[in-house]
Structure formats: structure tokens, C-alpha cells
2 protein chains.
Amino acid sequence: MTRSEENYLKTIFHLGNGDVGSINTNAIAEQMETKPSSVTDMAKKLADKGLVHYKKYQGVSMTEAGIKMALSIVRKHRLWETFLVEKLDFAWDEVHEVAEQLEHIKSEKLIDKLDQLLDFPKYDPHGDPIPGKNGEFQEHNKDLLSELPVGAHGVCVGVKDSSSAFLQYLDKHEISIGKPIQILGKEAFDGSLQLRIGEREHTVSHQIACNIYLK
Amino acid sequence: MTRSEENYLKTIFHLGNGDVGSINTNAIAEQMETKPSSVTDMAKKLADKGLVHYKKYQGVSMTEAGIKMALSIVRKHRLWETFLVEKLDFAWDEVHEVAEQLEHIKSEKLIDKLDQLLDFPKYDPHGDPIPGKNGEFQEHNKDLLSELPVGAHGVCVGVKDSSSAFLQYLDKHEISIGKPIQILGKEAFDGSLQLRIGEREHTVSHQIACNIYLK
DNA sequence: AATTAAATTTAGGCAAATCTAAAAATAGTT
DNA sequence: AACTATTTTTAGATTTGCCTAAATTTAATT
Ligand SMILES: [Mn+2]
Ligand SMILES: [Mn+2]
Ligand SMILES: [Mn+2]
Ligand SMILES: [Mn+2]
């Protein structure tokens with residue numbers, strides 16, 4: 001597996017969101033910041049290797065082998081992110097770019113030992129589940145803050161958007177994984193929410209609420 | 001800097017052994033397990049970037065910028081090797097291949113934090129000095145076991161050959177960095193040495209003695 | 001000095017991963 | 001059903017890093 005093949009595979013996996021449905025060329029191209037024609041080339045290559053199903057003009061979908069492969073890359077990515085935060089004191093908004101590189105390091109022993117060093121974590125710094133050696137993982141049964149009713153309360157268990165900008169916004173407003181959050185009110189006009197976050201009260205826009213998971 | 005450029009630069013640096021002299025194309029090709037014509041191509045590219053001096057048929061030598069760059073790659077390599085041994089319980093014969101990959105990860109913060117986690121180590125698992133952020137390092141003033149007289153004694157501070165085969169030989173005979181070693185006798189015929197290693201006595205061939213550093 | 005040997009470079013080509021521009025297929029709309 | 005718009009693929013080119021084979025330069029030997 002080349003680095004590029006791994007990146008395509010991971011993107012296809014994420015776009016499919018665990019489902020089996022087929023992913024269109026354009027969506028992959030946009031996500032990878034590349035051109036549709038490049039995607040077509042790679043689709044053929046991945047199909048030749050048995051990692052995706054591909055029929056002309058029909059998009060791609062993952063095979064069993066492809067899913068397994070993708071999960072192993074995701075596992076590496078999230079373990080490295082966890083390492084960076086837990087052991088090297090990176091902030092949660094600084095880890096993704098570096099993990100994009102580290103996820104391609106080839107060494108089974110390395111990743112197993114890393115897993116052990118981190119005490120076999122189940123979730124990464126953004127609340128995303130870390131697949132185990134055999135691809136198994138437990139997703140939190142979480143809800144988007146934006147879809148909960150007034151009065152609901154729970155604990156922040158993850159974020160949907162993990163862009164640096166969004167994570168820094170959350171830092172500034174002291175929203176982090178593990179924080180208890182209660183919905184005090186909802187503004188009908190723009191969908192913004194009044195929240196109690198720990199001790200404090202804050203108002204967040206609908207856009208923000210769409211990217212925070214509660215449990 | 002591409003991965004390939006970094007690998008060439010590091011090889012040229014190591015072949016030069018810190019000296020300023022010029023390195024021939026063939027030597028680089030052999031070390032990199034590639035062809036001389038490929039080396040010529042890369043020599044031009046590195047020269048264009050100001051990392052080596054290159055004149056047709058005259059071999060290459062490193063520029064100041066090239067040395068600085070090479071030292072930063074060596075720093076990364078040796079810090080990662082140290083990490084693998086100290087934090088992930090790798091054996092000293094298992095780290096090189098993985099470090100060959102890890103040394104190309106681009107993140108200044110990552111390497112500085114790693115340095116900190118390891119408590120700013122001065123030497124890697126093979127006794128080689130780890131350059132600091134600004135390229136400074138202290139080489140042990142060490143001697144090859146093969147070049148010391150009978151009666152000499154000291155402490156093993158490094159190995160010249162760090163191949164897996166050699167390191168495993170050393171493990172088997174309980175020779176490791178930090179072990180006190182004394183030369184009890186020398187066989188004139190084949191140059192083999194009788195040693196006291198810690199408590200035990202061992203005989204090692206000349207070839208072995210040529211790859212152990214004492215201080 | 002001429003010849004041979006070795007080292008090095010050039011020329012031309014190939015595979016991976018990308019691109020642009022044009023062609024083909026599919027989907028959406030009158 | 002026919003036309004239009006969108007999506008997707010093909011064709012041909014480019015860059016990087018590598019190769020082989022041939023030409024060139026330098027080094028070593030008669
Ligand atoms: Mn990430
Ligand atoms: Mn993550
Ligand atoms: Mn090494
Ligand atoms: Mn080393």
C-alpha cells in the first residue's frame with residue numbers, strides 16, 4: 001500500500017460513514033483536494049487490489065478487505081493523536097496534521113506498543129472511537145447538541161468538526177470532552193442555544209451546536 | 001525536502017563522516033542500493049537547492065546548509081530510536097528500520113516534545129550522539145576495542161556496526177552499552193581477544209572487536 | 001604517450017500520481 | 001422524448017525518482 005492509496009481508502013471509508021453505499025467520484029475529489037480524473041485512476045487501482053468495488057460511472061464502495069485496511073489506518077491515526085495529546089502535551093487542535101503523517105508508518109509492533117503505552121484507549125482526543133487490532137470498536141451512542149430538546153442535559157463526548165478553528169473556539173469557551181452540558185433555552189429565530197456548561201452559562205449558535213456530541 | 005532528498009543527504013553526510021572531503025557517486029549508489037545514474041540526478045537537484053557542492057566528475061560535498069539539514073534528520077532518527085527503546089520497549093536491534101520511516105515526519109514541535117519526553121538524551125541506543133536543536137553534539141572520545149592493548153579496560157559506549165545480526169550477537173553474549181570490559185589477552189594468529197565482560201570471560205573474534213567502542 | 005579500466009554522466013524510458021482538456025455517460029428538465 | 005446540465009471517464013502531458021545502455025571523462029597501466 002502506498003501512502004496515496006491509504007489516503008484514498010481512508011477518505012472513501014469516512015465518506016461512506018460506515019455504510020455500504022457507493023461514493024461518487026466528485027465527493028472523493030473534493031475531500032482529497034484533487035481532481036475527479038485522479039480519483040478515477042485510483043479507483044481502478046484500488047479495485048484491482050480488491051479494496052473497493054468499482055464499476056464505471058457507478059462510484060466506488062468498500063470491500064471487506066478495504067474496510068479492514070481503512071480501519072487499520074484509522075486505528076493508527078487515532079492512536080497517534082492520543083499519544084500526541086497524552087504523552088507530548090499537544091492541544092487537541094494540533095494533532096490532526098501530524099497524525100496524517102504518522103498514520104502511514106509501517107510497523108505492526110510500533111502500533112501495538114503504542115496502544116499498550118497509552119493503556120489501550122477506546123477514544124481519541126476528539127471523542128472518536130479507536131478501532132482495536134481486529135477492527136472492533138464501540139461508538140458512543142451520542143446525540144448532536146442541536147437535535148436535543150430544551151431541558152436535555154448530558155456530557156460532551158465528542159465533536160463532529162475537528163478543525164483547528166472550531167476546537168480553538170471550544171477551548172476559548174471552556175467546552176471540552178467530559179464537560180456536563182445542559183440546554184437551558186433555544187432561540188426559535190436562529191436556533192441558537194442557551195447552555196449551562198459546567199458552572200457557567202453560554203449562548204452558542206446553531207452552527208456550533210451542530211458539531212458537539214452529547215451523551 | 002522530499003523523503004528521497006533527505007535520504008540522499010543523510011547518506012552523503014554519513015559517508016563523509018563529518019569531514020569536508022568529496023564523496024564519489026559510486027559510494028553513494030552502493031550505500032543507497034541504487035544506481036550511479038540516479039545519484040547523478042539527485043546530486044544536481046541537491047546542488048540546485050544549495051545543500052551540496054557538485055561539479056561533474058568531481059563527486060559531491062556538503063554545504064553548510066546541507067550539514068545543518070542532515071544533522072536535523074540524524075537528530076530525528078536517533079531521538080526516535082531512543083523513544084522506541086526507552087518508551088516502547090523495543091530491543092536495540094529492532095529500532096533502525098522504524099526510525100528510517102519516522103525520521104521523515106515533519107513537525108518541529110513533535111521532535112522538540114519528544115526530546116523533552118525523553119529528558120534530552122545525549123546518546124541513542126547504539127551510543128551515537130544525538131544532535132541538539134542547533135546541531136551541536138558531543139561525540140564520546142572512544143576507542144575501538146580492536147585498537148586497544150592487552151590490559152586495557154573501559155566501558156562499552158557504542159557500536160560501529162548496528163546491524164541486527166551484530167546487535168543480536170552482542171545480546172547473546174551479554175555485551176551492552178555500559179558494560180565494563182577488560183582485555184585479558186590477544187591471540188597473535190587471528191587477532192581474537194580474550195575479554196572480561198562484567199563478571200564473565202569471553203573470547204571474541206577480531207571482526208567483533210572492530211565494532212565495539214570503549215571508553 | 002597510448003591503451004585499458006573504472007567511474008561518471010547523458011540519453012531515453014518507465015511507473016506512480018497528478019493535471020488539463022475533451023469526450024462520453026448519466027441525471028434532470030422541459 | 002429531446003435537450004441540457006452534471007458527473008465521470010479518457011487521452012495526453014508533467015513531475016519525481018528510478019532504471020538500462022551508451023557515451024564520456026578520469027584514473028591506472030603498460
Ligand atoms: Mn484526525
Ligand atoms: Mn481524531
Ligand atoms: Mn539507526
Ligand atoms: Mn542509532
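A residue counts as near a molecule or strand if one of its heavy atoms lies within 4 Å of it. Keep that cut-off for the DNA stops of this tour.

This is a predicted model: local features need pLDDT of at least 70, side-chain atom pairs count only at pLDDT 80 or more, and totals for chains, interfaces and linings use all residues. Residues are numbered from 1 along each chain as its sequence is written, chains are lettered from A and ligands numbered from 1 in the order in which they are written, and side-chain values use heavy atoms, with hydrogens and water left out.

**Stop 1: DNA strand C**

Select DNA strand C. Around it are 20 residues. The closest are A:T34, A:K45, B:K44, B:Y54 and B:K56. Which part of the DNA faces the protein? Of the atoms of strand C within 4 Å of the protein, 80% belong to sugar or phosphate, and the rest to bases.

Now show polar contacts (pairs of N or O atoms within 3.5 Å; within protein, one must be able to donate a hydrogen and the other to accept it, and residues adjacent in sequence count only if both atoms are side-chain atoms).

- Pick B:K56: an N or O atom of its side chain is 2.7 Å from a phosphate oxygen of strand C.
- Pick A:K35: a polar backbone atom is 3.1 Å from a phosphate oxygen of strand C.
- Pick A:Y57: an N or O atom of its side chain is 3.3 Å from a sugar or linking oxygen of strand C.

Colour by secondary structure next. Helices (H or I, at least four residues) and strands (E, at least two) are DSSP runs, numbered from the N terminus. The elements giving two or more residues to the surface near strand C are α1 (3-16) and α3 (36-48) of chain A, plus α2 (25-32) and α3 (36-48) of chain B.

Colour by class to finish. Ala, Val, Leu, Ile, Met, Phe, Trp, Tyr, Cys and Pro count as nonpolar; Asp, Glu, Lys and Arg as charged; the others, Gly among them, as polar. The surface near strand C has five nonpolar, ten polar and five charged residues.

**Stop 2: DNA strand D**

Move to DNA strand D. Which residues come nearest? Of the 20 around this strand, they are A:K44, A:Y54, B:T2, B:T34 and B:K45. Sugar and phosphate make up 77% of the strand D atoms that come within 4 Å of the protein.

Pick three residues of chain B.

- B:T34: a side-chain N or O atom is 2.6 Å from a phosphate oxygen of strand D.
- B:K35: a polar backbone atom is 3.1 Å from a phosphate oxygen of strand D.
- B:Y8: a side-chain N or O atom is 3.5 Å from a phosphate oxygen of strand D.

At least two residues each come from α2 (25-32) and α3 of chain A, and from α1 (3-16) and α3 of chain B. By class, the surface near strand D holds five nonpolar, ten polar and five charged residues.

**Stop 3: the manganese ions by chain A**

Select ligand 1, a manganese ion. Donors are N, O and S atoms within 2.8 Å of the metal (3.2 Å for Na, K and Ca); water is not among the atoms, so sites may look incomplete. The protein donors here are A:H77 (NE2), A:E81 (OE) and A:H96 (ND1), lying 2.1 Å from the ion. Their sequence spacing is H-x3-E-x14-H.

Add ligand 2. The two manganese ions are 3.6 Å apart, and A:E81 coordinates both. A:H77 in helix α4 (residues 64-86) and A:H96 in helix α5 (residues 95-102) link distant parts of chain A, 19 residues apart.

Buried or exposed? Buried means under 20% relative accessible area, exposed over 50%, partly exposed in between (1.4 Å probe, protein chains only). A:H77 is buried at 7%. A:H96 is partly exposed at 33%.

**Stop 4: the manganese ions by chain B**

Select ligand 3. B:H77 (NE2), B:E81 (OE) and B:H96 (ND1) coordinate this manganese ion at 2.0 to 2.1 Å. B:E81 bridges ligand 3 and ligand 4, which lie 3.6 Å apart. B:E81 is buried, at 2% relative accessibility.

**Stop 5: strand β4 of chain A**

Select residues 153-159 of chain A, strand β4. Five of its seven residues are buried. Two strands pair if DSSP finds at least two bridges between them. Three bridges join β4(A) to antiparallel β5 (residues 180-186), where A:I181 is the bridge partner of A:G154. β4(A) also pairs with β8 (residues 212-214), antiparallel, over three bridges. There A:C156 stands opposite A:L214.
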